[in-house]
Each structure stands twice: as C-alpha cells, then as structure tokens.
Amino acid sequence: MRDEYNIEELNPRKNPYTKKRQQITINLDCKVVDFFKGMSETSGIPYQTLINLYLSDCVKSNRKIDISWT
C-alpha cells in the first residue's frame, strides 16, 4: 500500500449501473411505516426499498388514488 495517492491519476467516474434517485423527506403515518417495516422483516428487503418498489409499481400501472372524505 502506498503512503500517498495522486487522486488525479485515479480517473474517478460515476458508476454507470446506479439508478437515478432523488433523496427527499416525506411524512408518513406511523401505521404505514410499521406496515412496510413488517414486510421488510419477512422479506429481508429494506422497508424504504419496499416503499419505493410499491410507488414505482403505482407509476408503472398508472394507478390513480381514490380520495373520499366521507
């Protein structure tokens, strides 16, 4: 192992296999988070990934929300 490295010689580049993502802050009901955390424990998939997968499926299937205030 070298004592020093010349960073300019490393030729850093972005990983071409990463997906484009945007980090956001979102407020979710505790029941929603608990639901996905429970699914996470049984599936072994992180709960944030599960939420993203569900929302991605909504986008893919063009699912519309049914809002009723009664």
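Leaving aside its neighbours within four places in sequence, with which residues is isoleucine 51 in contact? In this predicted model, the contacts of isoleucine 51 beyond that range are Leu28 and Phe36.

Isoleucine 51 belongs to helix α2, which covers residues 47-60. With a relative accessible area of 16%, isoleucine 51 is buried, because a value under 20% counts as buried. Phenylalanine 36 is likewise buried, at a relative accessible area of 10%. These two residues stand 15 residues apart along the chain, and their C-alpha atoms are separated by 6.9 Å.

Phenylalanine 36 also takes part in the aromatic arrangement of the structure, which holds 2 aromatic pairs. One of them joins phenylalanine 35 and phenylalanine 36 edge-to-face, with 5.3 Å centre to centre and 90° between the planes. Phe35, Phe36 and Tyr54 together make up one aromatic cluster. Another ring, that of tyrosine 47, has the charged end of lysine 37 over it, 5.1 Å from the ring centre.

Two pockets are described below.

| Pocket | Volume | Classes of lining residues |
|---|---|---|
| Largest pocket | about 670 Å³ | 8 nonpolar, 7 polar and 3 charged residues |
| Second largest pocket | about 210 Å³ | 4 nonpolar, no polar and 2 charged residues |

The largest pocket has a volume of about 670 Å³. Among its 18 lining residues, Arg21, Gln22, Ile24, Gln48 and Asn52 are the closest to its centre. Helix α2 supplies the largest share of this lining, 8 residues. The second largest pocket is lined by Tyr54, Leu55, Cys58, Arg63, Lys64 and Ile65. Tyr54 therefore appears both in this lining and in the aromatic cluster.

Key
Residues are numbered from 1 along each chain as its sequence is written. This is a predicted model: local features need pLDDT of at least 70, side-chain atom pairs count only at pLDDT 80 or more; totals for chains, interfaces and linings use all residues. Side-chain values use heavy atoms; hydrogens and water are left out. Rings of Phe, Tyr and Trp (its six-membered ring) pair if their centres lie within 6.5 Å; planes under 30 degrees apart count as stacked, over 60 as edge-to-face and the rest as tilted. Buried means under 20% relative accessible area, exposed over 50%, partly exposed in between (1.4 Å probe, protein chains only). A charge sits over a ring if NZ of Lys or CZ of Arg is within 6 Å of the ring centre and within 35 degrees of the ring normal. Helices (H or I, at least four residues) and strands (E, at least two) are DSSP runs, numbered from the N terminus. Contact means heavy atoms within 4.5 Å. On a 1 Å grid over the protein atoms alone, a cavity is a set of points where a 1.4 Å probe fits but cannot get out, and a pocket is an open set with protein on both sides within 12 Å along at least five of seven lines; lining residues have an atom within 4 Å of a point. Grid points are joined across faces, edges and corners, and a volume is the space filled by probe spheres set on the points. Ala, Val, Leu, Ile, Met, Phe, Trp, Tyr, Cys and Pro count as nonpolar, Asp, Glu, Lys and Arg as charged, and the others, Gly among them, as polar.
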